[in-house]
Amino acid sequence: MDIVEKISISHFIWYLLPGIALILFIIFPIALINLDAAVKFFQIMGPLGIIILGTVMGFIIEGLRLYRYRSGYNAIKNNFLNELMSVFELDLNPYYILSRIKDYAREKNIYTFELKHALWIMLGQLTILAFVELVFWILYLIFIAFFSCQNTFNIYNIPVTKPTAILVIIFVIMLFLFISKRLLDISIEDQKTYNKMVLDFTKRNALLIREMF
């Protein structure tokens with residue numbers, strides 16, 4: 001019961017949503033090639049099974065810290081930590097300082113930081129997953145265009161010619177190119193917004209937060 005009470009919406013955003021997204025990114029190409037297999041998967045798993053599998057995969061994604069491979073992540077993080085350290089001018093680990101800031105915010109019943117943090121982390125994870133999906137479709141296009149000897153392909157159980165299949169895959173590639181770029185832009189924007197919120201809060205409450213060290 002205590003564990004359930006400690007689960008917040010931030011945990012769902014941080015772990016479950018990237019896990020569900022990974023399932024969908026895996027099932028999408030399977031459905032395009034073999035719709036019956038994708039439908040059977042969802043029928044066997046059911047809603048509860050999807051949630052459990054999504055949670056497990058979400059923990060794996062978090063363990064891999066995929067969002068750290070997102071473009072601009074390190075530069076934004078280092079700049080933020082340096083600004084945070086300059087507020088107190090103490091020889092302490094910046095993550096320790098950040099944890100005390102969050103503790104003080106929780107004491108004041110301010111939970112916006114946790115939600116905003118979870119959101120940009122989730123978006124960073126989705127950015128990498130969408131990019132991996134994009135790479136997969138590019139490789140699949142190369143395989144079909146230059147190495148496959150088939151003349152017909154099944155797309156959602158509809159037989160189509162090779163040129164039509166290539167056009168469909170090009171459309172999918174353009175779709176995931178747009179999704180990847182959009183997720184990247186939003187993730188960067190949200191990370192910067194979160195950092196600014198924390199810095200502004202810290203500067204306004206620096207004296208009180210310092211007492212917690």
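**Reading the spaces in this model**

Biologist: How many nonpolar, polar and charged residues are in the lining of the largest cavity?

Modeller: The lining has four nonpolar, no polar and three charged residues. Nonpolar means Ala, Val, Leu, Ile, Met, Phe, Trp, Tyr, Cys or Pro; charged means Asp, Glu, Lys or Arg; the others, Gly among them, are polar. This is a predicted model, in which local features need pLDDT of at least 70 and side-chain atom pairs 80 or more, while totals for chains, interfaces and linings use all residues. Residues are numbered from 1 along each chain as its sequence is written, and side-chain values use heavy atoms, without hydrogens and water.

Biologist: What is a cavity, and which residues line the largest one here?

Modeller: On a 1 Å grid over the protein atoms alone, a cavity is a set of points where a 1.4 Å probe fits but cannot get out; lining residues have an atom within 4 Å of a point. Here, Lys102, Ala105, Arg106, Ile110, Tyr111, Phe113 and Glu114 do the lining. The structure has one cavity of 30 Å³ or more, and the largest holds about 30 Å³ of space.

Biologist: And what volume does the largest pocket have?

Modeller: A pocket is an open set of points with protein on both sides within 12 Å along at least five of seven lines. The largest pocket has about 290 Å³, a volume being the space filled by probe spheres set on the points. Its lining counts 18 residues, with Tyr73, Tyr95, Leu98, His117 and Trp120 nearest the centre.

Biologist: How does the lining of the largest pocket divide by class?

Modeller: Ten of its residues are nonpolar, three polar and five charged.
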